[in-house]
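Biologist: Here's a model I'd like to go through with you, mostly to ask how you justify the words you use for it. Mind if I keep asking "how do you know"?

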Amino acid sequence: MEEEVAKMLGELKFTDEEMQDLEGAEMILEKEVPGSEKWLVGKLVSPGIVDGPMLIRVFIAVWREQPLVDATKLGPNMFLFKFGRMEGRDFVFDRVPWTFNGELLALKAFDGKLSPTEYDFCPLPIWIRVYDLPLTGMDVEIGKAIARKFGECLTADFRRGEGRFGEYMRIRAVIDSSKPLRRCVIVGKLNDGSPRVCMAKYERLPRFCYWCGTIGHELDLCLVAPNNVREDQLQFGDWMRVKFKPKSASLGAPKPGLVHFNSMNSGAGKFKKAVEVVEDNTITVGNVSARGKM
Ligand SMILES: [Zn+2]
């Protein structure tokens, strides 16, 4: 539908009369909507159309500690979530990405000046682990530089234990979820002169394609994959996911050792500083995502 409209807009020639701006539109659109700072707009990034009421019911239950006062469907796979408290909205927004049956529920701050199709759901904050770094490379500056290779750098986790500082470096960056996931960073050279390839894994990674490496579809619905792809041809895979051990850590206030960098400052698209997140937000409720055209 969005593509059809965009195509039409590119082809149609409008008259001067049609092109006259609505009187007072600018002023009306500048008006603040009371309470809208506690709202989030969500889009399920999926090739199928989800059962909207079912998704809303599930997230009302999942976020029951951060109660929603209202949730509505804005269109196919698009939703508006209204939280009762700012803390509730922040709790959910800081713990992006959320998934529903493995598919990404991308969230953005509400912006009354945008129509639902104008929201950019591509920027996605996510925790990334980068492995096999030299120990001298485990510092804030290198952490920042490495995170920037993935996108905008939000946080570096320098707490010791559970493999952090040693086995891997843990960073939170805003990636472009419409592009193939980055699999590694090159950090200097090995003794034999070859590039040191430091592999990356992602925490709570939504469903993605093992052929093209982008989030939102799987191999069977990939538009660029050839027919009859063999497993040994796949350049991406399940190995890019961090496998969580049974939950032991508690959520709460950020702990010493987490270094927060400047957050995104693009107005309403701004992400709050990331907080420690180790739980798995994956939600599975049977097969509710019908496959088909968006
Ligand atoms: Zn693909």
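Modeller: Go ahead, and let me start with a cut-off: two residues are in contact if their C-beta atoms, placed from the backbone, lie within 7 Å. Keep in mind that this is a predicted model.

Biologist: What does helix 3 lie across?

Modeller: Helix 3, residues 52–62, lies across strand 1, strand 3, strand 4 (78–83) and strand 5. Its direction runs at about 155° to strand 3. Angles go from 0 to 180 degrees between N-to-C directions, so a value of about 155° says that helix 3 points largely against strand 3.

Biologist: Which sheet do those strands belong to, and in what order?

Modeller: An open one of five strands, ordered 3-4-1-6-5 with antiparallel pairing. Strand 3 (68–75) and strand 5 (98–100) each have a single partner strand, so one side of each is left without a neighbour in the sheet. From one strand to the next, the twist averages 30°.

Biologist: How do you know that strand 1 and strand 6 pair?

Modeller: Pairing takes at least two bridges. Strand 1 (residues 39–45) and strand 6 (residues 103–109) are joined by six, running antiparallel, so they count as a pair. One spot to look at is valine 45, which stands opposite leucine 104 in strand 6.

Biologist: And what makes strand 3 and strand 4 a pair?

Modeller: Six bridges again, in the antiparallel sense. Glycine 75 stands opposite methionine 78 in strand 4. The two strands form a hairpin with two residues between them, and asparagine 77 in the turn has a positive phi of about 65°.

Biologist: What else packs on that sheet?

Modeller: Helix 4 (residues 86–94), which touches strand 1, strand 4 and strand 6. Its direction makes about 30° with that of strand 1.

Biologist: Which residues of helix 4 are buried, and what makes you use that word?

Modeller: Arg89, Val92 and Phe93. The word needs 20 or more other C-beta atoms within 10 Å of the residue's own, and these three get the label. They cover an arc of only 95° around the axis, which puts them on the same side of helix 4. As for the general background, an α-helix has 3.6 residues a turn, so residues three or four places apart point the same way. The buried residues of helix 4 pack against strand 1, strand 4 and strand 6.

Biologist: Now the other sheet. What is its strand order?

Modeller: It's an open sheet of six strands, 10-11-7-9-8-12, with antiparallel pairing. Strand 10 (184–189) and strand 12 (258–260) are called edge strands, as each pairs on one side only. The twist there averages 30° from one strand to the next.

Biologist: How many bridges join strand 7 to strand 9?

Modeller: Nine, between residues 123–131 and residues 168–176, which run antiparallel. Set against the requirement of at least two, that makes strand 7 and strand 9 a pair. Tyrosine 131 stands opposite tyrosine 168 in strand 9, and isoleucine 126 has alanine 173 as its bridge partner there.

Biologist: What about strand 7 and strand 11?

Modeller: Three bridges in the antiparallel sense, with strand 11 at residues 195–202. That also satisfies the rule of at least two. Isoleucine 128 stands opposite tyrosine 202 in strand 11.

Biologist: Which residues of helix 5 are buried, and how do you know that they share a side?

Modeller: Gly143, Ile146, Ala147 and Phe150 are buried. They cover an arc of only 100° around the axis, which puts them on the same side of helix 5. Those buried residues pack against strand 7, strand 8, strand 9 and strand 10.

Biologist: One last label. Is valine 224 buried or exposed?

Modeller: Exposed: the limit is 12 or fewer C-beta neighbours, and valine 224 has 8 inside 10 Å, so the label fits. Valine 224 is found in the loop between strand 11 and strand 12. Its C-alpha atom is separated by 7.3 Å from that of cysteine 212, 12 residues apart along the chain.

Biologist: And what share of the protein's residues is buried?

Modeller: Buried residues make up 28% of the 294.

Note on methods. Residues are numbered from 1 along each chain as its sequence is written. This is a predicted model: local features need pLDDT of at least 70, side-chain atom pairs count only at pLDDT 80 or more; totals for chains, interfaces and linings use all residues. Helices (H or I, at least four residues) and strands (E, at least two) are DSSP runs, numbered from the N terminus. The arc is that of the directions from the helix axis to the C-beta atoms.
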